[in-house]
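Visitor: Could you take me on a close look at a single part of this structure? I am in my first year, so please go step by step.

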Amino acid sequence: MTVRVRFSPAPTGYLHVGSARSALFNWLYARRTGGTFILRIEDTDTDRSRPELIDNIRRSLEWLGLDWDEEYRQSDRFDQYLAAVDGFLERGQAYYCDCSQTDVRARVGGSAGYDGHCRDRQVAKPADGSAGVVVRFRTPDEGVTGWDDLVRGRVEFENSTLEDFVIVRSSGVPMFHVANAYDDFDMGITHVVRGEDLVNTVPRVLLLLEALGATEPPRYAHLPLIVNEQRKKLSKRRDDVSVGDYTDRGYLPEAMRNYLVTLGWGAKDDIEIRPISEIIERFDLADINKAPAYFDTRKLDHFNGEYIRMLDLDSFVTASLPFAGDVDEELYRRLAPFVQERIRRYDEIPALIEWIVAEPPEPDDKDWRKVMDRDDVPKVLDLVLERLEAAEWEPDALAEAVLGAGEVLGAKSQLPVRMAVTGRRSGLPLFEPMAELDRVVVLERIRKARGRLD
RNA sequence: GCCCCGUUCGUCUAGCGGCCUAGGACGCUGGCUUCUCAUGCCAGUAGCACGGGUUCAAAUCCCGUACGGGGUACCA
């Protein structure tokens, strides 16, 4: 049996990390088994779907390196779903219902559900354009519907807890459950891999599948949710989680993808950071955890730093240059080796190089005092100034001039000079970048700092 | 309320009855390397939610409790 899996986003928002993880696990399973990975846009909610978001979702998947083999859009297939529903209607598996939502709520009480009011009322098929009539699927009153979930084991629902749910809106547009069941059947989906928030839709889809004549439903694997620090499902509103946000902040797709894999799954040999090919070799749906996982950006940052340091110089320069701001490319290339081992995200770059390509930042008061409030600092700066006037303008000579001054005076000289020239007490190695600056600029910065000491 | 589910270091995970005085990773702490910071390397820190069973033996199996989560739409 050839594996066929699908990632089925609704285009109602940007692709967020939870959905990305679902897509990733589907993709991994397809690639692992030599199966087919399908992208199916579930845009049956015509009010909420935003066509322009489809492109964003596709781009985010591409960014993550998740390539798909087939693509469908449910809005292209409404006719087929409706034809299937006609079959249900003819066979008495579904019926028209003209109850308003407020009527239903009044009868059923505050809690949700439907009381089957129209089951046998023989509500007529509405004439075109008439509002207020939906199609409901007739669910069994007894028995249980269950399945063996690849992640969670046996899950069962009492059919009595399932109300006759709506499958076609009064607008005539089919709803999620039918579209989902029809497509999984029609497309020969063998495994449904998605978030745990969808478990309770399975019995409905299973019933629909049966009504459709499917003899063998797909296997289901429900992934544990990715949660925020409050242990709640990641939400687009509360949490800053769209994949695009991460590309903007300078994360590498490989790092993001690798980190996402560790949420709910772990390789048996304890190696977390590894090439995607090795992950594909080892991945299996049966090994996925049941418990929710917290999306820890600190660990993501660590992964990203590791991936940044794995890059060769050319790749690093090409990838990070757009984040570096207004810099000459050749100059940036010379600084890049020092930058590369110091950052975990590309958006940290500007702060590291601003003293070289522009002006140093205004020093932090505490840092300034910590470095400069020493009796020997004025003497040190004076001597450094004197030696720098005459020094050959290249890194080794600059180091000798500055560090030598310290030795002569028996004082620390690197930190005060760093503070004077870069405006900070930490950062890139001092002398190589300093040699990129003009002598007059460096001398002026040191004199200015020296002036503040009197 | 009703339905479904989860629980191994602060966090992510390995573990699927003996190899576990529970392993790895992030974080944190300390050390070495070093022009600062960072990288790299080394060391340390901290956990099987609780209570009953089953078994010669339980983190691993069963039951209960507690806590947590998901769902409960003419969203998906």
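Guide: Happy to! Let us begin with a word we will need: a residue is called buried if 20 or more other C-beta atoms lie within 10 Å of its own, exposed if 12 or fewer, and partly exposed in between. By that rule, 35% of the 454 residues of chain A count as buried. Please keep in mind that you are looking at a predicted model.

Before we zoom in, here is the whole chain. Chain A contains 19 helices and 12 strands. Along its principal axes, its C-alpha atoms fill a box of roughly 100 × 45 × 35 Å. The radius of gyration of chain A is 31 Å, whereas a compact globule of 454 residues would have one near 22 Å. Among contacts with a separation of 6 or more, 78% join residues that are 24 or more positions apart.

Now for our close look, which is at helix α10 and its surroundings. Helix α10 runs over residues 297–310, which makes 14 residues, and at 1.5 Å a residue these should span 20 Å. The C-alpha atoms at its two ends are indeed 20 Å apart, so expectation and model agree. Which residues of α10 are buried? They are L300, F303, N304, Y307 and I308. These buried residues cover an arc of only 140° around the axis, which means that they sit on the same side of α10.

What lies over that side? The cover of the buried residues of α10 includes α8 (253–261), α11 (313–320) and α12 (329–340). Let us visit these neighbours in turn.

Start with α8. In this helix 7 of the 9 residues are buried, so α8 is largely enclosed by the rest of the structure. The buried ones are A255, M256, R257, N258, Y259, L260 and V261. Among the elements covering them are α1 (17–33), α7, α9 and α10. So α10 appears in the cover of α8, and α8 appears in the cover of α10.

Next come α11 and α12. Two packed helices are described by the angle between their axes and the distance between the axes. For α11 and α12, the axes come within 10 Å and cross at roughly 100°. Angles of 65 to 115 degrees count as roughly perpendicular, and α11 and α12 are therefore roughly perpendicular to each other. On the α11 side, the residues that meet α12 are L313, F316 and V317. Their partners in α12 are Y332, R333, A336, P337 and Q340.

If you follow the chain out of α8, you enter the loop between α8 and α9 (276–282), where D270 is found. Its phi is near 70°, a positive value in a residue other than glycine. Is D270 buried or exposed? It has 6 C-beta neighbours inside 10 Å, so D270 counts as exposed.

A similar case is R231, placed in the loop between β11 (226–227) and α7 (243–248). R231 is not a glycine, yet it has a positive phi of about 65°. With 9 other C-beta atoms within 10 Å, R231 is exposed.

To recap our tour: the buried residues of α10 lie on the same side of the helix, and their cover includes α8, α11 and α12. Of these neighbours, α8 is largely enclosed by the rest of the structure, while α11 and α12 are roughly perpendicular to each other.

Notes
Residues numbered from 1 in each chain as written. Chains lettered and ligands numbered in written order. Predicted model: local features only at pLDDT ≥ 70, side-chain atom pairs only at ≥ 80, totals over all residues. Helix = DSSP H or I, 4+ residues; strand = E, 2+ residues; numbered from the N terminus. Expected span 1.5 Å × (residues − 1). Arc of directions from axis to C-beta. Contact = placed C-beta atoms within 7 Å. Rg over C-alpha atoms; globule rule 2.2 N^0.38 Å. Axes fitted to C-alpha atoms, helices over the stretch in contact; angles between N-to-C directions. Parallel < 35°, antiparallel > 145°, perpendicular 65-115°, else oblique.
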